[in-house]
Structure formats: structure tokens, C-alpha cells
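Trainee: I should like to learn how to read the features of a protein model. May we work through one together?

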Amino acid sequence: VAGKEGLAIALPGTLNRYATAPHSSSLNITGAITISAWIRPNDVHVRKILTKTGAGGYDLGLSSGGKVSFILNGNSAQSVQSATSYPADGSTWMHVA
């Protein structure tokens, strides 16, 4: 769909809305990157925002403890969590990066 600048993806609805992309080496982290999204959680629950599976994988998501997390290679020892909790009222938008 048309975005504010360029193209965007629309994920209407409230549950199980996602997009997939085939594996591409262009998705491998080889230097500094920024991964960001606008989210509007409606509960405190484990949710994936963006995930790359396989070797060199990463995951930006929401934890059951109400925090935003980023994990490298599926290894919790290589992870970071937000200092504050995310809103879970279903109406507050939050930018995560």
C-alpha cells in the first residue's frame, strides 16, 4: 500500500496479522542497523514484531513481563530489554527501535 514515503504494509485486524519474506543474505546483520516498528499492543503477552530465523537470526518482540526485547541468535544471553513496560491498552501507539 502507499505509505507516507514510498510503500508500506497494512496489517488490519487485531490477531495473527503478519507478513513473511523469503530468506535473503541482505537480511543478515553485517554492520550497524536500526530495526523499528510502530506497535499498539492490546495485552501483555509474548509477541514477535520482527524475526529473522536461522544462523545470524534476531528477534524484536514483546515479553510476557511487559517489556520490549531484542535477542540475537535465539540466545537470551545476547539480549536486551526495555527499562519501561509497553502500553497494553489496545489504543496507545508506541514506536520501538
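Mentor: The turns below treat the sheet, the core, the salt bridges and one remote pair of residues. Please keep in mind that this is a predicted model.

Trainee: Let us begin with the sheet. In what order do the four strands of the open sheet stand, and in what sense do they pair?

Mentor: One reads a sheet by following its strands from one edge to the other. Here the order is β2-β3-β4-β5, and the pairing is antiparallel. On average, neighbouring strands of this sheet are turned by 20 degrees against each other, direction ignored.

Trainee: Which strands stand at the edges?

Mentor: Those are β2 and β5, the latter covering residues 75–81. Each has a single partner strand, so one side of each is left without a neighbour in the sheet.

Trainee: Over how many bridges do β2 and β3 pair?

Mentor: They pair over five bridges, in the antiparallel sense. Within this part of the sheet, T51 stands opposite D59 in β3. The side chains of D59 and T51 also make a polar contact, at 2.5 Å.

Trainee: Which residues make up the largest nonpolar core?

Mentor: A core is read as a group of buried nonpolar residues joined through their side chains. In this model the largest one holds nine residues: I35, I39, Y58, L60, L62, V68, Y86, M94 and V96. Two strands, β3 (58–62) and β6 (94–96), each supply at least two of its residues. The largest share, three residues, comes from β3.

Trainee: What does V68 touch, apart from residues up to four places away in sequence?

Mentor: V68, itself a member of the core, touches L60, G61, L62, V80, Q81, S82, Y86, M94 and V96.

Trainee: Let us turn to charged side chains. How many salt bridges does a search of the whole structure find?

Mentor: Side chains of opposite charge can pair when their charged atoms come close. The search finds two salt bridges in this structure. In one of them, the side chains of D43 and R47 meet at 3.0 Å, N to O. In the other, D59 pairs with K48, and the closest N and O atoms are 3.5 Å apart. The pair of D59 and K48 links distant parts of the chain: D59 lies in strand β3 and K48 in strand β2 (residues 47–52), 11 residues apart.

Trainee: Are D59 and K48 buried or exposed?

Mentor: One decides this from the relative accessible area, where buried means under 20% and exposed means over 50%. D59 has a relative accessibility of 11%, and therefore counts as buried. K48, by contrast, has a relative accessible area of 60% and is therefore exposed.

Trainee: How do D43 and R47 fall on this scale?

Mentor: Values between the two cut-offs are called partly exposed. D43 belongs there because its relative accessible area is 28%. R47 also counts as partly exposed, at 31% relative accessibility.

Trainee: With which residues is D59 in contact, leaving aside its neighbours within four places in sequence?

Mentor: A contact list shows what surrounds a residue in space. For D59 the list holds K48, L50, T51, S69, F70 and I71. Two of these have been met already: K48 is the salt-bridge partner of D59, and T51 is the residue that stands opposite D59.

Trainee: Finally, where does T30 lie, and is T30 buried or exposed?

Mentor: T30 lies in the segment before β1 (37–39). T30 counts as exposed because its relative accessibility is 79%. The C-alpha atoms of T30 and L11 are separated by 29 Å, and the two residues are 19 residues apart along the chain.

Key: Residues are numbered from 1 along each chain as its sequence is written. This is a predicted model: local features need pLDDT of at least 70, side-chain atom pairs count only at pLDDT 80 or more; totals for chains, interfaces and linings use all residues. Side-chain values use heavy atoms; hydrogens and water are left out. A nonpolar core is a set of buried Ala, Val, Leu, Ile, Met, Phe, Trp, Tyr and Cys residues joined through side-chain atoms within 4.5 Å. Buried means under 20% relative accessible area, exposed over 50%, partly exposed in between (1.4 Å probe, protein chains only). Contact means heavy atoms within 4.5 Å. A salt bridge is a side-chain nitrogen of Lys or Arg within 4 Å of a carboxyl oxygen of Asp or Glu. A polar contact is a pair of N or O atoms within 3.5 Å; within protein, one must be able to donate a hydrogen and the other to accept it, and residues adjacent in sequence count only if both atoms are side-chain atoms. Two strands pair if DSSP finds at least two bridges between them. Axes are lines fitted to C-alpha atoms, for helices over the stretch in contact, and angles run from 0 to 180 degrees between N-to-C directions.
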